[in-house]
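Welcome! Below are some short exercises, each followed by a worked solution. Please have the viewer open and try each task before reading on.

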Amino acid sequence: MAGFSQKRGKRHDDDVLGNAVDFLLANARLVLGVGGAAVLGIATLAVKRLIDRATSPRDEDDTKGDSTCLEDSWKELSLLKTAPRLQPRPPPAALSQPVLLPARLPSAQAGPADANPRPPPQLGPPAPLCLTFQEKLLLFERDHVTTAVSHVALAKQLAGDIALELQAYLQSKFPELPFGALVPGGPLYDGLQVGACSDHVRLLAPLVLEPGLWSLVPGVDTVARDPRCWAVRRTQLEFRPRGSSPWDRFLVGGYLSSRVLLQLLRKALAASVNWPAIGSLLGCLIRPSVASEALLLEVQHEHLELTVAVLLAVPGADAGLLVAWPLEGLAGNLWLQDLYPAEAARLQALDNRDAGARRRLLLLLCRVCQGHPALRQLGRAHLTQVVLRLGEEEVDWAPEALGGRFLQALGLLISSLERAHLPCHCNPSINLFDGLREEEIDDIGYALYLGLQDPEGLLYMVGWGGRHVF
């Protein structure tokens with residue numbers, strides 16, 4: 001009876017503990033979910049059985065099932081250890097937020113290929129962050145001065161084709177006027193081209209004058225008193241009266257007028273030449289310039305744009321080459337002395353003598369002045385005189401000294417602007433600063449002074465604008 005009551009009390013305690021477990025499992029299902037409640041139930045039952053066996057006396061029934069119950073308890077404990085842990089269910093307020101996935105362990109995901117990881121690549125020494133002015137000047141030359149060989153070849157081909165077409169037109173339109181062969185030339189043909197064909201291609205149209213009927217008069221001996229110009233005077237009128245020469249129709253006051261010839265050719269090129277047909281034949285668009293009084297042809301190709309300047313020329317022994325160019329005032333009928341061929345030949349001779357970089361310096365100066373708003377008044381003629389003056393000095397003109405010569409040229413320009421005097425190398429009586437106003441000289445001088453103080457900033461402003469490359 002006592003054993004029965006003891007067993008009954010034991011069953012009563014089991015029922016009470018089972019109800020408690022059921023209550024906990026029911027609530028756990030609400031909080032932890034089905035998976036979490038299952039794990040908690042297994043753990044609770046295993047612990048309960050261990051406690052019962054440790055506190056209750058043994059009977060025959062318990063002795064018979066001791067080994068089996070203990071084995072089942074350890075199995076339940078092993079299931080508890082190996083059961084995966086489930087992530088707790090997030091509260092309702094956090095459901096809309098993204099759930100971060102657990103980080104992957106490198107050791108767990110490493111495959112056979114990761115057993116011997118490759119060593120990281122060896123990086124070379126870092127590039128130098130600071131460049132010298134010489135190096136920056138060479139970078140500027142490469143990016144903004146050098147002209148592509150293909151562009152130069154294409155520009156020469158177009159200029160040659162236009163010269164042939166214009167030669168045929170002049171012979172058919174003005175058969176009575178003896179023109180020589182049209183010859184293209186200029187910086188493009190002398191290796192002095194700056195950038196993508198920014199300079200004019202010179203197309204010389206020489207006038208064939210009768211020997212003995214014409215003489216050249218210096219401009220300072222005329223009413224214009226201009227040393228830049230020359231007059232072409234008609235002579236032998238008593239033996240060869242007016243009308244004996246086909247060029248007599250362009251005489252003004254006994255002198256061959258460049259202005260009258262320019263007006264005739266300008267009207268003919270604008271109205272009589274079928275430029276659309278010629279352009280379609282050459283694969284480009286050709287239009288006469290209407291904004292200039294000079295004979296300019298604007299050529300647009302798919303890969304480049306260039307301007308062809310048709311120059312009516314009179315060759316002279318002492319004066320060199322005289323060209324018809326629009327001039328103002330009393331010099332309007334005179335012929336402008338073209339010093340470019342002589343200056344280009346002198347630069348080439350100086351560089352050939354010591355393998356110097358004078359021509360490269362000229363190209364750098366031209367590109368800097370073209371790209372600076374305050375320095376655009378300085379043209380190729382001004383800068384050529386500076387380089388020629390420096391080039392005659394016995395200094396180091398090797399390419400390695402290009403940076404020093406560049407700064408020296410800026411200093412020479414500043415000193416010339418202070419005196420408002422820049423003499424022409426081939427004709428010292430010509431002051432190339434005569435055409436500049438005082439305000440323009442001040443602006444140019446101030447910009448050059450700032451450039452001399454900060455030459456790297458000058459290159460940066462002209463070549464790269466807001467893109468920092470140094």
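## Exercise 1: a covered helix

H11 is mostly covered, with 11 of its 14 residues buried. Buried means under 20% relative accessible area, exposed means over 50%, and partly exposed lies in between (1.4 Å probe, protein chains only). Before we go on, note that this is a predicted model, in which local features need pLDDT of at least 70 and side-chain atom pairs count only at pLDDT 80 or more, while totals for chains, interfaces and linings use all residues. Residues are numbered from 1 along each chain as its sequence is written, and side-chain values use heavy atoms, leaving out hydrogens and water.

**Task.** Find helix H11 and list which of its residues are buried.

**Solution.**
- Step 1: Go to residues 358-371, which make up helix H11. Helices (H or I, at least four residues) and strands (E, at least two) are DSSP runs, numbered from the N terminus.
- Step 2: Check the span from the first C-alpha to the last: H11 reaches 20 Å, close to the 20 Å expected at 1.5 Å a residue. The expected span is 1.5 Å times one less than the number of residues.
- Step 3: Read off the buried residues: Arg358, Arg359, Leu361, Leu362, Leu363, Leu364, Leu365, Cys366, Arg367, Val368 and Cys369.

## Exercise 2: a helix with two sides

**Task.** Which residues of H14 are buried, and which exposed residues does the face turned away from them carry?

**Solution.**
- Step 1: Locate H14 at residues 438-453; its 16 residues reach 23 Å, close to the 22 Å expected.
- Step 2: Mark the buried residues, namely Glu440, Ile441, Ile444, Gly445, Ala447, Leu448 and Gly451.
- Step 3: Look down the axis of H14: the buried residues fall within an arc of 165°, so they line one face of the helix. The arc is taken from the directions from the helix axis to the C-beta atoms.
- Step 4: Recall a general point: an α-helix has 3.6 residues a turn, so residues three or four places apart point the same way.
- Step 5: Turn to the face away from the buried side, where the exposed residues Glu438, Tyr446 and Gln453 sit.

## Exercise 3: pairs of opposite charge

**Task.** How far apart are the closest N and O atoms of lysine 136 and glutamate 456, and where in the chain do the two residues lie?

**Solution.**
- Step 1: Apply the rule for a salt bridge: a side-chain nitrogen of Lys or Arg within 4 Å of a carboxyl oxygen of Asp or Glu. The count by this rule is 12 salt bridges.
- Step 2: Lysine 136 and glutamate 456 form one, with the closest N and O atoms 2.8 Å apart.
- Step 3: This pair links distant parts of the chain, since lysine 136 is in helix H5 (residues 133-144) and glutamate 456 is in helix H15 (residues 455-464), 320 residues apart.
- Step 4: Compare their surroundings: lysine 136 counts as buried at 9% relative accessibility, whereas glutamate 456 is partly exposed at 28%.
- Step 5: Try another pair, arginine 142 and aspartate 143, whose side chains meet in a salt bridge of 2.9 Å, N to O. Here arginine 142 is exposed at 55% and aspartate 143 is partly exposed at 37%.

## Exercise 4: a buried arginine

**Task.** Which side chain of opposite charge is nearest to arginine 405, and which side chain joins arginine 405 in a polar contact?

**Solution.**
- Step 1: Find arginine 405 in helix H13 (residues 402-419).
- Step 2: Arginine 405 is buried yet has no salt bridge; aspartate 396, the nearest side chain of opposite charge, is 5.4 Å away. In this scheme Lys and Arg count as positive and Asp and Glu as negative, with His and the chain ends not counted.
- Step 3: The side chains of arginine 405 and glutamine 408 share a polar contact of 2.8 Å. Such a contact is a pair of N or O atoms within 3.5 Å; within protein, one must be able to donate a hydrogen and the other to accept it, and residues adjacent in sequence count only if both atoms are side-chain atoms.
- Step 4: Leaving out residues up to four places away in sequence, arginine 405 touches Leu361, Leu390, Val395, Asp396 and Trp397. Contact means heavy atoms within 4.5 Å.
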